[in-house]
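Please open the model in your viewer and keep the sequence panel visible. The tour below proceeds by selection, from a pair of side chains to the chain as a whole and then to single residues.

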Amino acid sequence: MIRHIVLFTWTDDATDEQKATVTAELRKLPDAIPELRSYTVGPDAGINQGNHAYAVVADFDSADDYLVYRDHPRHQAVIAEHIKPIVATRASAQIEV
């Protein structure tokens, strides 16, 4: 299994509405991309200072399934239309679990 982990921080001018739209749009992806086995998205819980503001954790049966998700037009549209306009930093990793 492949686990894809992405962490974001937002620009200072990112609005609450924009951030909520990111969550709403990302949560639509499991219905559009059957290769997603598990999909968790959301803002940081605020327990520790210095954390990233937002996380995405996605599980796939294989690296090929991850690539389907990565390149899927709906996923790419969410990135281009909703994430890129407000992202300040991004970190990601794919690990075998």
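By about how many helical turns are Tyr66 and Tyr69 separated in helix H3? Select both: they are 3 residues apart in helix H3, and they are therefore separated by about one helical turn. The model is a predicted one, in which local features need pLDDT of at least 70 and side-chain atom pairs count only at pLDDT 80 or more, while totals for chains, interfaces and linings use all residues. Residues are numbered from 1 along each chain as its sequence is written, and side-chain values use heavy atoms, with hydrogens and water left out.

**The whole chain**

Select the protein chain and display it as a cartoon. It contains 4 helices and 4 strands, where helices (H or I, at least four residues) and strands (E, at least two) are DSSP runs numbered from the N terminus. Followed from the N terminus, the order of elements is β-α-α-β-β-α-α-β.

Next, reduce the display to the C-alpha trace, which spans about 35 × 25 × 15 Å along its principal axes. The radius of gyration of the protein chain is 13 Å, which agrees with the value near 13 Å that a compact globule of 97 residues would have. That radius is taken over C-alpha atoms, and the globule rule is 2.2 Å times the number of residues to the power 0.38.

Now show the surface. The protein chain exposes about 5900 Å², of which carbon and sulfur atoms supply 49%; the areas come from the Shrake-Rupley method with a 1.4 Å probe, and for residues only the protein chains shown count as cover. Of the 97 residues, 29% count as buried. Here buried means under 20% relative accessible area, exposed means over 50%, and partly exposed lies in between (1.4 Å probe, protein chains only).

Which contacts join distant parts of the sequence? Among contacts between residues at least 6 apart in sequence, 73% join residues at least 24 apart; a contact means heavy atoms within 4.5 Å.

Colour the charged side chains next. There are 9 positive and 15 negative side chains, and the centres of the two sets lie 1 Å apart. Lys and Arg count as positive and Asp and Glu as negative, whereas His and the chain ends are not counted; the place of a charge is taken as NZ of Lys, CZ of Arg, CG of Asp or CD of Glu.

**The aromatic rings**

Show the aromatic side chains as sticks. The count comes to 7 aromatic pairs, under a rule by which rings of Phe, Tyr and Trp (its six-membered ring) pair if their centres lie within 6.5 Å; planes under 30 degrees apart count as stacked, over 60 as edge-to-face and the rest as tilted.

Select Tyr39 and Tyr69. Their ring centres are 5.9 Å apart and their planes stand at 70°, so this pair is edge-to-face. Tyr39 belongs to strand S2 (residues 38-43) and Tyr69 to helix H3 (residues 63-71), so the pair ties together parts that are 30 residues apart in sequence. Both Tyr39 and Tyr69 are buried.

Return to Tyr66 and Tyr69: with ring centres 6.5 Å apart and planes at 45°, the pair is tilted. Tyr66 is buried at 12% relative accessibility, and Tyr69 is buried at 2%. Add Phe60 to the selection, since Tyr39, Phe60, Tyr66 and Tyr69 form one aromatic cluster.

**His4 and its surroundings**

Move to His4, in strand S1 (residues 2-10). Is this residue buried or exposed? At 3% relative accessibility, His4 counts as buried. Leaving aside neighbours within four places in sequence, its contacts include Phe60, Tyr66 and Tyr69, as well as Arg90, Ser92 and Ala93. The C-alpha atoms of His4 and Glu96 are separated by 9.0 Å, although these residues are 92 apart along the chain.

**Ala93, Ala20 and Thr40**

Select Ala93 in strand S4 (residues 87-96). Ala93 is partly exposed, with a relative accessible area of 32%. Not counting residues up to four places away in sequence, Ala93 touches Arg3, His4 and Ile5. From Ala93 to His82 the C-alpha distance is 21 Å, for 11 residues of sequence.

Ala20 lies in helix H1 (residues 16-26) and is partly exposed at 47% relative accessibility. Its C-alpha atom is 24 Å from that of Ala93, 73 residues away in sequence.

Finish at Thr40 in strand S2, which is partly exposed with a relative accessible area of 48%. Outside its neighbours within four places in sequence, Thr40 is in contact with Ala55, Val56 and Val57.
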